[in-house]
Amino acid sequence: MERSKLSDYTLDGSQALVTGATKGLGEIIAKRLAAQGVRVFVTGRDKQNLDRVIGEICEQGGKVDGVIADLSVPTEARRLADTAIERLGHIDILINNAGM
(Lines give C-alpha, C1' and ligand atoms only; values in the text may rest on other atoms or scores of the structure.)
Protein backbone atom coordinates (compact mmCIF):
# COMPACT_ATOMS: atom_id res chain seq x y z
CA MET A 1 0.00 0.00 0.00
CA GLU A 2 1.37 3.39 -1.01
CA ARG A 3 1.72 5.98 1.74
CA SER A 4 0.19 9.41 1.25
CA LYS A 5 2.49 12.39 1.06
CA LEU A 6 1.71 15.73 2.64
CA SER A 7 1.56 17.20 -0.86
CA ASP A 8 -1.38 14.84 -1.61
CA TYR A 9 -3.60 16.80 0.78
CA THR A 10 -5.43 20.04 0.12
CA LEU A 11 -7.26 22.49 2.32
CA ASP A 12 -9.29 23.82 -0.60
CA GLY A 13 -12.99 23.70 0.26
CA SER A 14 -12.43 23.42 4.01
CA GLN A 15 -13.95 25.82 6.52
CA ALA A 16 -12.07 27.38 9.41
CA LEU A 17 -12.84 29.44 12.49
CA VAL A 18 -9.91 31.68 13.46
CA THR A 19 -10.10 33.53 16.78
CA GLY A 20 -7.84 36.49 17.47
CA ALA A 21 -7.73 37.17 13.74
CA THR A 22 -7.58 40.96 13.87
CA LYS A 23 -3.79 41.18 14.26
CA GLY A 24 -0.56 39.28 14.57
CA LEU A 25 -0.43 35.53 14.14
CA GLY A 26 -4.21 35.10 13.92
CA GLU A 27 -4.41 37.55 11.02
CA ILE A 28 -1.54 35.83 9.22
CA ILE A 29 -3.14 32.40 9.71
CA ALA A 30 -6.55 33.59 8.49
CA LYS A 31 -5.05 35.15 5.35
CA ARG A 32 -2.90 32.10 4.62
CA LEU A 33 -5.84 29.71 5.01
CA ALA A 34 -7.98 31.89 2.72
CA ALA A 35 -5.20 31.89 0.14
CA GLN A 36 -5.28 28.07 0.25
CA GLY A 37 -9.00 28.02 -0.65
CA VAL A 38 -10.35 27.73 2.88
CA ARG A 39 -13.53 29.61 3.74
CA VAL A 40 -12.56 31.47 6.91
CA PHE A 41 -14.72 32.81 9.72
CA VAL A 42 -12.73 35.37 11.69
CA THR A 43 -13.24 37.04 15.04
CA GLY A 44 -11.58 39.58 17.25
CA ARG A 45 -12.48 42.35 19.68
CA ASP A 46 -11.70 45.34 17.44
CA LYS A 47 -14.32 46.12 14.78
CA GLN A 48 -12.05 48.38 12.72
CA ASN A 49 -9.33 45.72 12.49
CA LEU A 50 -11.88 42.97 11.85
CA ASP A 51 -13.36 44.96 8.97
CA ARG A 52 -9.85 45.59 7.61
CA VAL A 53 -8.89 41.90 7.73
CA ILE A 54 -12.17 40.84 6.10
CA GLY A 55 -11.68 43.48 3.40
CA GLU A 56 -8.10 42.41 2.68
CA ILE A 57 -9.08 38.74 2.41
CA CYS A 58 -11.95 39.67 0.08
CA GLU A 59 -9.62 41.77 -2.08
CA GLN A 60 -7.41 38.70 -2.54
CA GLY A 61 -10.43 36.65 -3.65
CA GLY A 62 -10.86 34.78 -0.38
CA LYS A 63 -14.11 33.61 1.15
CA VAL A 64 -14.51 35.22 4.55
CA ASP A 65 -17.07 36.16 7.16
CA GLY A 66 -16.74 37.21 10.77
CA VAL A 67 -18.10 38.80 13.91
CA ILE A 68 -16.80 40.85 16.80
CA ALA A 69 -16.51 38.80 19.99
CA ASP A 70 -14.69 39.06 23.31
CA LEU A 71 -13.95 35.44 24.15
CA SER A 72 -13.21 36.26 27.79
CA VAL A 73 -17.00 36.62 28.14
CA PRO A 74 -18.64 33.15 28.13
CA THR A 75 -21.87 34.33 26.50
CA GLU A 76 -19.91 35.93 23.64
CA ALA A 77 -17.88 32.77 23.14
CA ARG A 78 -21.13 30.78 22.86
CA ARG A 79 -22.59 33.37 20.46
CA LEU A 80 -19.45 33.12 18.32
CA ALA A 81 -19.70 29.33 18.14
CA ASP A 82 -23.40 29.41 17.32
CA THR A 83 -22.94 32.11 14.65
CA ALA A 84 -20.00 30.35 13.01
CA ILE A 85 -21.90 27.05 12.81
CA GLU A 86 -25.01 28.84 11.53
CA ARG A 87 -23.10 30.58 8.74
CA LEU A 88 -20.62 27.84 7.85
CA GLY A 89 -22.68 24.73 8.54
CA HIS A 90 -19.66 23.01 10.06
CA ILE A 91 -16.06 23.74 11.01
CA ASP A 92 -13.18 21.66 9.67
CA ILE A 93 -10.36 23.70 11.17
CA LEU A 94 -10.29 25.56 14.48
CA ILE A 95 -7.48 28.02 15.21
CA ASN A 96 -7.97 29.04 18.83
CA ASN A 97 -5.62 32.02 18.82
CA ALA A 98 -7.45 34.59 20.98
CA GLY A 99 -5.20 36.01 23.68
CA MET A 100 -6.45 37.00 27.09
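Which residues of α1 are buried? In this predicted model, the buried residues of α1 are G26, E27, A30, L33 and A34. Around the helix axis they cover an arc of only 135 degrees, which puts them on the same side of α1. The other side of that helix carries L25, I28, R32 and A35, which are exposed. What covers the buried residues of α1 includes the strands β1, β2 and β4 together with helix α2.

The length of α1 agrees with its assignment as a helix of twelve residues, because at 1.5 Å a residue it should span 16 Å and its end C-alpha atoms are 17 Å apart. Just after α1, G37 takes a positive phi of about 90 degrees.

**The second helix**

Helix α2, formed by residues 47-59, has 13 residues and reaches 18 Å from its first C-alpha to its last, close to the 18 Å expected at 1.5 Å a residue. Its buried residues include L50, V53, I54 and I57, and since the buried residues of α2 fall within an arc of 95 degrees when seen down the axis, they line one face of the helix. An α-helix has 3.6 residues a turn, so residues three or four places apart point the same way. On the other side of α2, Q48 and E59 are exposed, while the cover over its buried residues includes α1 (24-35), β2 (39-44) and β3 (64-68).

At the start of α2, a side-chain oxygen of D46 comes to within 3.1 Å of the backbone nitrogen of Q48. The helix is followed by G61, whose phi is positive, near 85 degrees.

**The sheet and the third helix**

Four strands form an open sheet in the order β3-β2-β1-β4, and their pairing is parallel. The edges are held by β3 and by β4 (93-95), each of which pairs on one side only, and from one strand to the next the twist averages 15 degrees. Within this sheet, strand β1 (residues 15-18) runs parallel to β2 and is joined to β2 by four bridges. In this pairing Q15 stands opposite R39 of β2, and A16 stands opposite V40 of β2. Strand β2 is mostly covered, with five of its six residues buried. Helix α3, residues 74-88, lies across β1, β2 and β3, and runs at about 160 degrees to β2.

**Surroundings of Q15**

Q15 belongs to strand β1 and counts as buried because its relative accessibility is 8%, where buried means under 20%. Its polar side chain has partners both in a side chain and in the backbone, as the distances below set out.

| Atom or group of Q15 | Partner | Distance |
|---|---|---|
| Side chain of Q15 | Side chain of R39 | 3.2 Å |
| Polar atom of the side chain of Q15 | Backbone oxygen of L88 | 2.9 Å |

R39 is thus the residue that stands opposite Q15 in β2 and also one whose side chain makes a polar contact with the side chain of Q15. Leaving aside neighbours within four places in sequence, Q15 is in contact with V38, R39, L88, H90, I91, D92 and I93.

Technical notes
Residues numbered from 1 in each chain as written. Predicted model: local features only at pLDDT ≥ 70, side-chain atom pairs only at ≥ 80, totals over all residues. Heavy atoms only, no water. Helix = DSSP H or I, 4+ residues; strand = E, 2+ residues; numbered from the N terminus. Expected span 1.5 Å × (residues − 1). Buried < 20%, exposed > 50% of the residue type's maximum accessible area, 1.4 Å probe, protein only. Arc of directions from axis to C-beta. Contact = heavy atoms within 4.5 Å. Polar contact = N/O pair within 3.5 Å; in protein donor to acceptor, adjacent residues only side chain to side chain. Pairing = 2+ DSSP bridges. Axes fitted to C-alpha atoms, helices over the stretch in contact; angles between N-to-C directions.
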